[in-house]
Amino acid sequence: LEKSTKNKNPNPALVRMQKAAPHSSTVGLKEKRRDMPEETAKLHPVIQSYMDQYIRETEQSGLTPDRQFEAFATHCVLAQQYPDSFDVQEIVTGEEDESIDAIAVLVGDELVLTSEDTTKVFKESRAAANLDVKYLFIQAKRTPHFETGDILKFMLGVATLLESGHRAKDDRLKEFQAIHRT
């Protein structure tokens with residue numbers, strides 16, 4: 001029996017792995033794979049260093065790693081559109097976020113956080129009819145690839161949020177709906 005097992009043609013990939021790590025076994029490899037954390041664990045070292053610096057500077061170390069990344073990604077996206085300072089915690093959503101991690105509204109050159117802010121910007125502008133209004137919907141993931149289901153949930157969340165009869169549960173999303181109606 002032992003002799004016949006040795007004469008079988010083994011899987012070449014398995015032979016290469018065993019030569020590279022002679023003390024490992026296929027059972028060990030399967031156990032390692034099963035015990036590996038989700039793919040969200042590691043960011044690229046450069047991105048991680050920028051995020052760490054951002055978290056230190058904005059004193060957001062008390063957030064979970066996912067919420068830290070959402071705050072960092074939100075800051076990166078919004079800073080490209082709005083160069084003035086802002087508090088990212090006024091833009092990110094809570095737990096019942098309908099797959100939208102953050103939402104920002106720019107009216108002209110102003111970041112508006114409430115429907116009152118929006119009304120004020122329109123009243124103070126001489127050319128209120130010509131003001132650009134931008135909605136920035138942000139969904140941040142730490143995974144190394146995009147999942148179609150996550151993209152579809154995000155798109156559905158945005159579409160649902162813009163429906164006139166929909167009532168959001170999250171406070172930030174409720175405020176966005178008030179701004180949208182303004």
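Which exposed residues does α6 carry on the face turned away from its buried side? They are E116, K120, K123 and E124. Before going on, a reminder that this is a predicted model.

Let me stay with that helix. α6 covers residues 115–124, and its buried residues are S115, T118 and V121. Seen down the axis of α6, these fall within an arc of 120 degrees, so they line one face of the helix. The general background is that an α-helix has 3.6 residues a turn, so residues three or four places apart point the same way.

What covers the buried residues of α6? The cover includes two strands, β1 at 102–107 and β2 at 110–112, and also the helix α8 at 171–181.

Next, the loop between α5, residues 65–81, and β1, where E98 is found. Phi of E98 is near 55 degrees, which is a positive value in a residue other than glycine. With 23% relative accessibility, E98 counts as partly exposed, because that class runs from 20% to 50%. S99 is in the loop between α5 and β1 as well. S99 is not a glycine either, and its phi is positive, at about 65 degrees.

Last, the surface. F146, I151, L152 and M155 make a nonpolar patch of about 480 Å². Of these, take L152, which sits in helix α7, residues 148–162. Is L152 buried or exposed? L152 counts as exposed, because its relative accessibility is 51% and the cut-off for exposed is over 50%.

Definitions and conventions:
Residues numbered from 1 in each chain as written. Predicted model: local features only at pLDDT ≥ 70, side-chain atom pairs only at ≥ 80, totals over all residues. Heavy atoms only, no water. Patch = residues over 30% accessible without salt bridge, like charges linked within 9 Å, V, L, I, M, F, W, Y side chains within 5 Å. Areas by Shrake-Rupley, 256 points an atom, 1.4 Å probe, with all protein chains shown as cover. Salt bridge = Lys/Arg side-chain N within 4 Å of Asp/Glu carboxyl O. Helix = DSSP H or I, 4+ residues; strand = E, 2+ residues; numbered from the N terminus. Buried < 20%, exposed > 50% of the residue type's maximum accessible area, 1.4 Å probe, protein only. Arc of directions from axis to C-beta. Contact = heavy atoms within 4.5 Å.
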